[in-house]
Amino acid sequence: MKPATKFIHAGVYPDPSTGAIMTPIYQTSTYVQDGPGRHKGYEYARTQNPTRTQLQNALAAAENGKYGISFGSGLAATDTLLKLFKPGDEIISTNDLYGGTYRLMRRIWEEYGLRFHFIDMTDAANIGRHVTAATKMIWVETPTNPLIRIIDIEACAAEAKKAGALLVVDNTFASPFLQNPLDLGADIVMHSATKYIGGHSDVVHGCLITNNKEIADQLYFLQNACGAVPGPQDCFLLLRGLKTLHVRMQRHCENGEKIAQFLRSHPMVAKVHWCGFTDHPGYAVAKEQMKGFGGMMSFELKNDTVAAAEKVLSSTKIFACAESLGGVESLIGHPASMTHASIPREERIANGLADGLIRLSVGIEDADDLADDLKQAIESV
Ligand SMILES: *Cc1c(COP(=O)(O)O)cnc(C)c1O
């Protein structure tokens, strides 16, 4: 099945009790049994819910995976995943990652004895230098947030295999339309479905997808045992969002290209980070492993100060100053004070994330309107 058909049909079926073509919101906490232990596969709604079942199947299909496991947020998915490991286990992660994932790893899981190495993975050969007998997982996020660096998933999969470790890819930025890590050798894909999959900035959700039955069984066990499950209304919204993912992503890519070119040509802009530029260091890999370059980018003004960035952020009229990304409407953010505020400044600067860096999630409005909005905001500085 091609993506457009898959996102609309795969994993979902009309409701067996009524024929409703759209999966109903099963707003129930429990299910009546014919007698003790004699039930229809549904016992209690933390364990199973029919709306969630269809969503999990649809998400798995979207990533060319067999098993989907859904959670109340992206971080709940990652938190549950980290429970696969034991004190002393080591995890090698990219150093340019979502701030909340970094906080979860450093502030929570390090306290429980997991050990993390945050390294530059733009050269996957770097991974081998940090592998020990205790290495259990390689954590990759690509394109990275907010510097839009590209990591070669296939090369990481080869390193993970050598190390005997799982390769997990946070695929939130690319979405299942632009990139499918399982096809490139990853063991597990993680999504903050809050972003492109939901696509309408109205729901928080996370998921894990794998083809490995043993891992899936452990994750279903943890999903039920730890309980960070999504509600049925949220699952419904995700099912609805997924059906238009391909159409939205095509427009995000078109608008992304126009805005990246506009920014690059503006005399007050010093640098634009977008992986569709042919001179981007990750361009060749991005072209190979992604179907398009997406609508995420960041840029620095020649006047690289917090004050200048603040002026731009408070001057846009269409771009809304807000955290998050991937919705139909364009958002503008200042990573140093917003999404990445939990990363210490020295570490942030050392990783190339400047004080004045501005991040854009380019939406699917008219591209000329978006460019005009950025132009007046930049020129207000
Ligand atoms: C938002 C985000 C997360 C966290 O997901 P939540 O749904 O907010 O918990 C993880 N990774 C990336 C890349 C994100 O953008």
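Helices (H or I, at least four residues) and strands (E, at least two) are DSSP runs, numbered from the N terminus. Everything shown here comes from a predicted model, in which local features need pLDDT of at least 70 and side-chain atom pairs count only at pLDDT 80 or more, while totals for chains, interfaces and linings use all residues. Residues are numbered from 1 along each chain as its sequence is written, and side-chain values use heavy atoms, with hydrogens and water left out.

**View 1. A charged pair within helix H6.** Welcome to the first close-up, where Lys 162 and Glu 159 sit three residues apart in helix H6 (residues 153–163), about one turn of the helix. Their side chains join in a salt bridge, with 3.4 Å from N to O; the term stands for a side-chain nitrogen of Lys or Arg within 4 Å of a carboxyl oxygen of Asp or Glu. Side chains of opposite charge can pair when their charged atoms come close. Lys 162 is exposed at 67% relative accessible area, whereas Glu 159 is buried at 13%. Here buried means under 20% relative accessible area, exposed means over 50%, and partly exposed lies in between (1.4 Å probe, protein chains only). By the salt-bridge rule, the count comes to 12.

**View 2. A salt bridge in helix H10.** Look next at Glu 254 and Arg 251, whose closest N and O atoms are 3.7 Å apart. Both residues belong to helix H10 (residues 245–265), where three residues, about one turn of the helix, separate them. Glu 254 is partly exposed, at 43% relative accessibility, and Arg 251 is also partly exposed, at 37%.

**View 3. Lys 375 and Glu 379 in helix H14.** These two form a salt bridge with 3.4 Å between the closest N and O atoms. They are four residues apart in helix H14 (residues 367–379), so about one helical turn separates them. Lys 375 is partly exposed at 37% relative accessible area, and Glu 379 is partly exposed at 39%.

**View 4. A network of three charged residues.** In this close-up, salt bridges link Arg 345, Arg 348 and Asp 355 in a network.

**View 5. The ligand and its surroundings.** Among the residues around the ligand are Ser 73, Gly 74, Tyr 98, Glu 141, Thr 172, Lys 195, His 205 and Leu 325, each having a heavy atom within 4 Å of it. A backbone N or O atom of Leu 75 lies 2.8 Å from an oxygen atom of the ligand. Polar side-chain atoms also come into the picture: one of Asp 170 is 2.7 Å from a ligand nitrogen, and one of Ser 192 is 2.8 Å from a ligand oxygen. Taken alone the ligand exposes 380 Å², and the protein buries 93% of that (areas by the Shrake-Rupley method with a 1.4 Å probe).

**View 6. Lys 213 in helix H8.** Our last stop is Lys 213, a residue of helix H8 (residues 213–226). Its side chain makes a polar contact with the side chain of Asp 217 at 2.8 Å; such a contact is a pair of N or O atoms within 3.5 Å, and within protein one must be able to donate a hydrogen and the other to accept it, with residues adjacent in sequence counting only if both atoms are side-chain atoms. Lys 213 is partly exposed, with a relative accessible area of 48%. The C-alpha atoms of Lys 213 and Tyr 67 are separated by 7.6 Å, although the two residues are 146 residues apart along the chain.
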